[in-house]
Amino acid sequence: MYVKKSGLHITILMGGNSSEREISLISGQTVKDALERKGYRVSCIDPARDNLMDIKNLLPDLVFIALHGRFGEDGTIQGFLQSIGIPYTGSGVLASALAMDKYRAKNLFVQEGIPTPKFEIVRDKNIGISFPVVVKPNCEGSSMGVSKVFKKDGLPLAINNAKKFRCDVLVEELIEGTEVTQAIIDGEIFPTIEIYTNDNLYDYDAKYTKGGSTHIIPPRLPDIWIKRSQDIALKAYDALGCEGVSRVDIMIDKQGIPFVLEVNTIPGMTPLSLVPDAAKAAGIDFETLCEKIVLISSNGCTARSGQVRLNGE
């Protein structure tokens with residue numbers, strides 16, 4: 001049970017320089033409004049415009065990280081906050097870095113016996129995975145630069161598209177089936193969501209354009225398949241060492257086998273985002289969800305931050 005600590009000062013990190021800047025700004029503003037309605041004192045810092053060292057002057061009790069993508073979700077900002085003794089929401093440095101690096105996360109999944117599509121980093125024009133495949137940047141979020149490729153002649157264009165994001169290019173087996181996503185908060189499983197899109201590609205536009213996708217709760221799948229995907233999601237969350245709120249994206253094939261695609265350690269908190277929808281299905285409104293994330297982090301950050309200032313404690 002997490003008891004509210006009245007008078008907490010929360011600093012929200014939002015915006016930043018990643019390709020997901022605009023979504024981060026929406027997430028941050030939405031969280032700010034929610035926490036203020038709950039009675040918290042809230043300040044905001046945009047690392048692209050403000051001096052990060054201002055955090056030390058603000059002396060927040062907790063930093064709520066709403067930075068998506070690289071430099072916010074990859075362990076960089078977590079390491080900075082940890083080095084100056086400021087507690088923060090979400091996963092620590094290692095879990096954040098691993099989850100952002102899809103290739104290394106998938107290697108860990110294989111070691112842990114967690115099903116994941118066949119995968120490889122593109123080294124030349126040839127790949128060792130049979131078509132159809134999915135091509136994506138290895139260290140990006142929000143489905144940036146993702147393409148489905150059904151024949152060899154479509155591969156060069158997809159690779160070039162992914163390379164625009166200046167990181168390794170990952171190719172993985174295309175699993176035919178139903179895409180679901182699983183929100184997990186402090187080890188607690190929230191209702192599973194089936195993601196439906198008209199063109200079967202849950203890309204950036206589908207995620208952040210109203211009407212671009214449909215969230216179906218519960219999924220139109222057998223209960224045993226859903227339970228199996230929840231168990232696998234929690235196993236992936238634990239394998240990476242995640243903390244706080246994370247979202248595990250899964251493809252369930254036509255035999256009911258769940259394949260983990262990736263883990264998002266700072267999932268979107270916009271009005272169209274998946275985690276708020278999962279919380280709503282569990283009877284938790286958005287304001288309470290944001291407060292829950294704050295209280296979980298406030299109660300669990302002592303060992304990680306080294307300096308915890310909660311109401312002067």
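## The β1-α1-β2 unit

In this predicted model, strand β1, helix α1 and strand β2 together make a right-handed β-α-β unit, in which the helix covers residues 21-37. The two strands, β1 at residues 9-13 and β2 at residues 41-45, pair in the parallel sense over five bridges, and within this pairing Leu-13 of β1 stands opposite Ile-45 in β2. In a regular strand the side chains alternate between the two faces of the sheet.

## Pro-115 and its surroundings

Pro-115 lies in the loop that runs between α5, which spans 102-111, and β4, which spans 119-121. Is this residue buried, partly exposed or exposed? Pro-115 counts as partly exposed because its relative accessible area is 23%, and the range for that class starts at 20% and ends at 50%.

Once the neighbours within four places in sequence are left aside, Pro-115 is in contact with Ile-232, Pro-258, Phe-259 and Val-260. Its C-alpha atom is separated by 9.6 Å from that of Ala-236, although the two residues are 121 residues apart along the chain.

## Helix α9

Helix α9 takes in residues 274-281, and the buried residues in it include Leu-274, Val-275, Pro-276, Ala-278 and Ala-279. An α-helix has 3.6 residues a turn, so residues three or four places apart point the same way. Just after α9, Gly-283 takes a positive phi of about 85°.

## The second largest pocket

Rolling a probe the size of a water molecule over the atoms shows where empty space is left. The second largest pocket has a volume of about 260 Å³ and is lined by 14 residues, of which Val-122, Asp-124, Lys-125, Ile-159 and Lys-163 lie nearest its centre.

Which helix gives the largest share of the lining of this pocket? That share, five residues, comes from helix α6, which spans residues 155-163. By class, the lining of the second largest pocket divides into seven nonpolar, six charged and one polar residue.

## The second largest cavity

A search of the whole structure finds three cavities of 30 Å³ or more, and the second largest cavity has a volume of about 90 Å³. Its lining draws on separate stretches of the sequence, including Phe-64, Ile-65, Ala-66 and His-68, then Thr-89 and Gly-90, and further along Val-245, Thr-265, Ile-266, Pro-267, Met-269 and Ile-293. The lining of the second largest cavity has eight nonpolar and four polar residues, with no charged residues, whereas the lining of the second largest pocket has six charged ones.

Note on methods: Residues numbered from 1 in each chain as written. Predicted model: local features only at pLDDT ≥ 70, side-chain atom pairs only at ≥ 80, totals over all residues. Heavy atoms only, no water. 1 Å grid on protein atoms, 1.4 Å probe; cavity = no way out; pocket = protein on both sides within 12 Å on 5 of 7 lines; lining within 4 Å. Points joined across faces, edges and corners; volume = space filled by probe spheres on them. Helix = DSSP H or I, 4+ residues; strand = E, 2+ residues; numbered from the N terminus. Nonpolar A, V, L, I, M, F, W, Y, C, P; charged D, E, K, R; others polar. Buried < 20%, exposed > 50% of the residue type's maximum accessible area, 1.4 Å probe, protein only. Pairing = 2+ DSSP bridges. Right-handed = clockwise from strand over helix to strand, strands pointing away. Contact = heavy atoms within 4.5 Å.
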